[in-house]
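Take a moment with the sequence and the 3D view. We will go from the whole chain down to single residues.

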Amino acid sequence: MKIAFFDTKPYDRTWFEPMAKEKGFDIIFHEEKLNKNTAVMAKGADAVCIFVNDDADSAVMDTLKEIGVKAILLRCAGFNNVDLNRAKENDITVLRVPSYSPRAVAEYALGLLFAVNRKIHRAYVRTRDFNYSINGLMGMDLEGKTIGIVGTGKIGQAMMSIIRGLDMRVLLYDPYPIKAILEKDPSAEEKWGKGLEYVDMDTILKECDIISLHCPLTKDTQYMINKDSIAKMKDGAILINTSRGGLVNTQDLLDALAVQKFGGVGLDVYEEEDDYFFEDMSDAIISSDDLVRLTSYRNVILTSHQAFFTKEAMEAIAEVTIYNAECLAKGEELVNIVLP
């Protein structure tokens, strides 16, 4: 099998090259992202391998079909950047990595919470300039506060598990709740801690001191954090998003930050991140006014979609992606197929 690999970074080569060689796959690495202008670069390949900021829209799907590509290998869990209906029409199989390190993302979300709450990012900058004043760096104790976990899939469950030692009240929201928690099964308490309670989204917004998003980007979740939902939040609430940028309406978030609605915001994703994240833009002039404004607020931490980025996660991503390619090549069951 020949695979055209898009949006290649040095760490991708580190993990994928030896595994592909072992399985006899031929990978052609491209630094360019997959889009309507670069899709033709996959000519001669059986499959393309893409990441979160590649674009597999209908035009790309048509080009891939025309040049004979039979599959898209997603080296990530999310697939909102793929036109699944056109993929099906063009007989292009889409495979993903459904879970690679839920714990890594949850731990990072907690790290953002700690950093935003205790102003660690600001303290670091101050002391680099030999400014040892702690004025303006006051946070709050997390004990006794209420945290809302939105989305209780694998990452949300990992978050539930690791915050159990903080002695916080934990509220949960998910359209598909975990049955064991609803039924107060003792095994649920043993696994995730005591006092977990499913509530509606309005209750999350109104009662939580901290809201952490752990859900996919769909037509139902897009802009779930907007001017109306923000208005229902407590003044001084902390918002953490390590899921997808499109869950938050950036303009509405900026408007709220301007009137000091939030105590802090920790973001590892951004609504318009495609042109910036994973790239070194330090010598560039940033043309996105919203991005510049967002990073100007001292109570905001914005990082570049790195919550997943651990050795364990990268190894798992490579292993599952190559496994998906192997199943495809051998005509075996495609357990990680994504359908419309």
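What share of the contacts in the chain with a separation of 6 or more comes from residues 24 or more positions apart? The share is 70%. Keep in mind that this is a predicted model.

Start with the overall build. The chain has 13 helices and 12 strands. Its C-alpha trace spans about 60 × 55 × 35 Å along the principal axes. Is that in line with a compact globule, or at odds with it? For 340 residues, a compact globule would have a radius of gyration near 20 Å. The chain has 21 Å, so the two agree.

Now look at inside and outside. Of the 340 residues, 49% count as buried. The chain exposes about 17,100 Å². Carbon and sulfur atoms supply 49% of that exposed area. Charges come next. There are 39 positive and 53 negative side chains. The centres of these two sets lie 3 Å apart.

Next, the cysteines. How many disulfides does a search of the whole structure find? It finds 0. Take C49 as a case. Its sulfur is 8.7 Å from the closest cysteine sulfur, which belongs to C76. A disulfide needs the two sulfur atoms within 2.5 Å. The pair is therefore too far apart for a bond. Seen from the other side, C76 is in no disulfide either, and its nearest cysteine sulfur is that of C49. Are these two cysteines buried or exposed? C49 counts as buried because its relative accessibility is 1%, and C76 is buried as well, with 0%.

Move on to helix α6, which covers residues 154-162. Its buried residues are G156, A158, M159, M160 and I162. What do they pack against? Their partners include two helices, α7 (179-182) and α8 (186-192). Helix α4 (102-117) is also on the list. So much for helices; the strands are β6 (146-150), β7 (169-173) and β9 (210-213).

Stay with α4 for a moment. R103 sits in this helix. It touches A158, S161 and I162, not counting residues up to four places away in sequence. A158 and I162 are among the buried residues of α6. R103 itself is partly exposed, with a relative accessible area of 42%. Sequence distance can mislead here. R103 and F308 are 205 residues apart in sequence, but 8.7 Å apart in space, C-alpha to C-alpha.

Follow the chain past α4. K119 is in the loop between α4 and α5 (120-128). Its phi is near 55°, a positive value in a residue other than glycine. K119 is buried, with a relative accessible area of 13%. D167 also has a phi near 55°, again positive and again not in a glycine. D167 lies in the loop between α6 and β7.

Now go to H214. Where is this residue placed? It is in the loop between β9 and α10 (227-232). H214 is buried, at 8% relative accessible area. Leaving out residues up to four places away in sequence, H214 touches A109, I149, V150, G151, I155, G156, M159, T242 and S243. Two of these, G156 and M159, are buried residues of α6. H214 and D174 are 40 residues apart in sequence and 9.7 Å apart in space, C-alpha to C-alpha.

Another histidine makes a useful stop. H30 is in the loop between β2 (26-29) and β3 (47-50). It counts as buried, at 13% relative accessibility. Apart from neighbours within four places in sequence, H30 is in contact with A4, F5, F6, D7, T8 and M41. From H30 to A188 the C-alpha separation is 45 Å, with their positions 158 residues apart along the chain.

Finish at strand β12, residues 300-302, where L302 lies. Is L302 buried or partly exposed? At 22% relative accessibility, L302 counts as partly exposed, because buried means under 20%. Setting aside neighbours within four places in sequence, L302 is in contact with L267, V269, Y270, F277, L291, L294 and T295. L302 and V60 are 242 residues apart in sequence and 30 Å apart in space, C-alpha to C-alpha.

Notes
Residues are numbered from 1 along each chain as its sequence is written. This is a predicted model: local features need pLDDT of at least 70, side-chain atom pairs count only at pLDDT 80 or more; totals for chains, interfaces and linings use all residues. Side-chain values use heavy atoms; hydrogens and water are left out. Buried means under 20% relative accessible area, exposed over 50%, partly exposed in between (1.4 Å probe, protein chains only). Helices (H or I, at least four residues) and strands (E, at least two) are DSSP runs, numbered from the N terminus. Contact means heavy atoms within 4.5 Å. The radius of gyration is taken over C-alpha atoms; the globule rule is 2.2 Å times the number of residues to the power 0.38. Accessible areas come from the Shrake-Rupley method with a 1.4 Å probe; for residues, only the protein chains shown count as cover. Lys and Arg count as positive and Asp and Glu as negative; His and the chain ends are not counted. The place of a charge is taken as NZ of Lys, CZ of Arg, CG of Asp or CD of Glu.
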